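Here is a short report to read beside the sequence and the 3D view. Start with a pocket, then move on to the metal site, the cysteines, the aromatic rings and the backbone.

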Amino acid sequence: MRNSHEIWGRVDAISPDFTDLSDRIWDKPELAYDEFSAVTEHSAMLKAQGFRVTEGIAGIPTAVMGEYGEDGPVIAILGEYDALPGLSQAAGLARPSPLPGPGTGHGCGHNLLGASALLAATAVKDYLKAHGLKGRIRYYGCPAEEGGAAKTFLVREGAFTDVDAAISWHPSSFSGVNAPFSLANTRIDFTFEGKAAHAAAAPHLGRSALDAAELMNVGANYLREHMPQGARLHYAYIDAGGTAPNVVQSNVTIRYLIRSETLPELMELVERVRKIATGAAMMTETHVSEKVVSAVSNLMGNSPLEAAMHRNFENLGPPQFDDADRKVAAEFVATLTKEDKLAAYRRMGIPYDPDAVLCDLIAPPCAEGDMSAGSTDVGDVSWAVPTVQARGATCAIGTPLHSWQMTAQGKTAHAHKGMIHTAKIMAATALDALTDDMLLEQARAEHAARLAETPYICPLPATVKPPVRRKQAAT
Ligand SMILES: [Zn+2]
């Protein structure tokens, strides 16, 4: 690691406060829209560092924005801090060992994601101050990435209107520029209403909402063969109508998660799923209604920013993991299957190395690897402003996201090194955008050209509000 850029020394100098912040967020895992301690921690850090802080942006109590600087371009660094249900796990232990409590855990590494983004923004702030440079650096503390689409709401409410470029990252097995590929998705609750009746004495009087939901699933199963490549349909019963088989279930809600590679394609697929729901209602003489719960767009790439970020990766070199880190990582690798490891290599387009346990390379720029992907609400930010994301090596190679192994590694030395390393990449890329007019101009031009081809339509209907919660009184 060459670490020659002044900003990298600045990141190192202040990093202990931010690895501590990451550990505190790990210690209190909070689910989407419930991240009250996390946002309090992030707001306190922003204030302590001298940012101008706006709390509760876009009407979301667990969202925060901090800004430093005057005039010039506005560069945003995006952080997250929400956890996941069912992924509680003791720190550092390479065997399943949930902690007592509500069962939540940082199985996607968002404790690192938020703290590293805030570390990068703080180092850029220090650099601007030291050199008397014009330009504004912002940190956006974004809640509810896991299924809550908070950034889509933030975009819809105009939180990024005056931003020139956005930078973010995600914990990963490898370090490199994130290939701008994710699926657009929407979650829609379909509720079927029928008529309850005694299932034995008067079944002919009943109209089963449960039958309707099951017929909808049958229809969706037949649709799957005829969807575009890369599209996905998943479902979960929110309310199966009750536990009594001797009652004709009159009220059932089923949630569909519909994904596709592009926003226009998603909208077409949603229409086809709606027709299936309507058909199921007709077949069962029930009534169907729907409620959109969340929606996110696919990621739009930005090649000038991706090239700038890759240059910074090449200049800095890979993270410097040592033998102690490799020993810990090897314990986690032993819990993974070969398929887990192969998937990580395939995704990044890197040849498989059976002996490697931690990343010691920089992934090729935006490699055409295995394009199987999930979704992220960074997608909507990328349609609003030119956006680039890094992947930062914070875990043993092959560790799946949303796993107990990911939670377990969230406070390890190798996770801390990975988050500091990626903060350096984000800070250097932000400085490039703040100081190189040509880079921003090229980034804007490419963004405008892509939007001209496919205009952005917010996938969230105007009537859908973020499902925010009020802070619980301390007990
Ligand atoms: Zn994540």
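By class, seven nonpolar, five polar and three charged residues line the second largest pocket. The model is predicted. This pocket holds about 300 Å³ of space. Its lining has 15 residues, and those closest to the centre are Asn-298, Leu-299, Met-300, Trp-383 and Arg-450.

**The zinc site**

Which residues hold the zinc ion as protein donors? They are Cys-108 through SG, His-110 through NE2 and His-170 through NE2. These donors lie 2.1 to 2.3 Å from the ion. Along the sequence, the donor residues follow the spacing C-x1-H-x59-H. The two histidines link distant parts of the chain, 60 residues apart. His-110 belongs to helix α3 (residues 110-131), while His-170 belongs to strand β5 (residues 165-172). Both His-110 and His-170 are buried.

Helix α3 also contains Leu-118. At 0% relative accessibility, Leu-118 counts as buried. Leu-118 and Glu-80 are 38 residues apart in sequence. In space, their C-alpha atoms are 9.9 Å apart.

**Cysteines**

How many disulfides does the model have? The count is zero. Cys-359 is in no disulfide, and the nearest cysteine sulfur, that of Cys-395, is 9.8 Å away. A disulfide needs the two sulfur atoms within 2.5 Å, so a pair beyond that cut-off is not counted. Cys-395 is likewise in no disulfide, with the sulfur of Cys-359 as its nearest cysteine sulfur. Are these two cysteines buried or exposed? Cys-359 is buried, with a relative accessible area of 2%. Cys-395 is buried too, at 1% relative accessibility.

**Aromatic rings**

A search of the whole structure gives seven aromatic pairs. One of them joins Tyr-345 and Tyr-352. Their ring centres are 5.2 Å apart, with 85° between the planes. The pair is edge-to-face because planes over 60 degrees apart are put in that class. The two partners differ in exposure: Tyr-345 is buried at 4% relative accessibility, whereas Tyr-352 is partly exposed at 28%. Elsewhere, Phe-190, Tyr-235, Tyr-237 and Tyr-256 form one aromatic cluster.

**Backbone with positive phi**

Most residues other than glycine have a negative phi. Ala-58 has a positive value, near 55°. Asp-71 also has a positive phi, about 50°, although it is not a glycine. The table sets out these two residues.

| Residue | Phi | Place | Relative accessible area |
|---|---|---|---|
| Ala-58 | near 55° | loop between β1 (52-55) and β2 (64-70) | 31%, partly exposed |
| Asp-71 | about 50° | loop between β2 and β3 (74-80) | 46%, partly exposed |

Strand β2 borders the loop of Ala-58 and also the loop of Asp-71. Why does Asp-71 count as partly exposed? Its relative accessibility is 46%, and partly exposed covers the range between the 20% limit for buried and the 50% limit for exposed. Ala-58, with 31%, is partly exposed as well.

Key. Residues are numbered from 1 along each chain as its sequence is written. This is a predicted model: local features need pLDDT of at least 70, side-chain atom pairs count only at pLDDT 80 or more; totals for chains, interfaces and linings use all residues. Side-chain values use heavy atoms; hydrogens and water are left out. Rings of Phe, Tyr and Trp (its six-membered ring) pair if their centres lie within 6.5 Å; planes under 30 degrees apart count as stacked, over 60 as edge-to-face and the rest as tilted. Buried means under 20% relative accessible area, exposed over 50%, partly exposed in between (1.4 Å probe, protein chains only). On a 1 Å grid over the protein atoms alone, a cavity is a set of points where a 1.4 Å probe fits but cannot get out, and a pocket is an open set with protein on both sides within 12 Å along at least five of seven lines; lining residues have an atom within 4 Å of a point. Grid points are joined across faces, edges and corners, and a volume is the space filled by probe spheres set on the points. Ala, Val, Leu, Ile, Met, Phe, Trp, Tyr, Cys and Pro count as nonpolar, Asp, Glu, Lys and Arg as charged, and the others, Gly among them, as polar. Donors are N, O and S atoms within 2.8 Å of the metal (3.2 Å for Na, K and Ca); water is not among the atoms, so sites may look incomplete. Helices (H or I, at least four residues) and strands (E, at least two) are DSSP runs, numbered from the N terminus.
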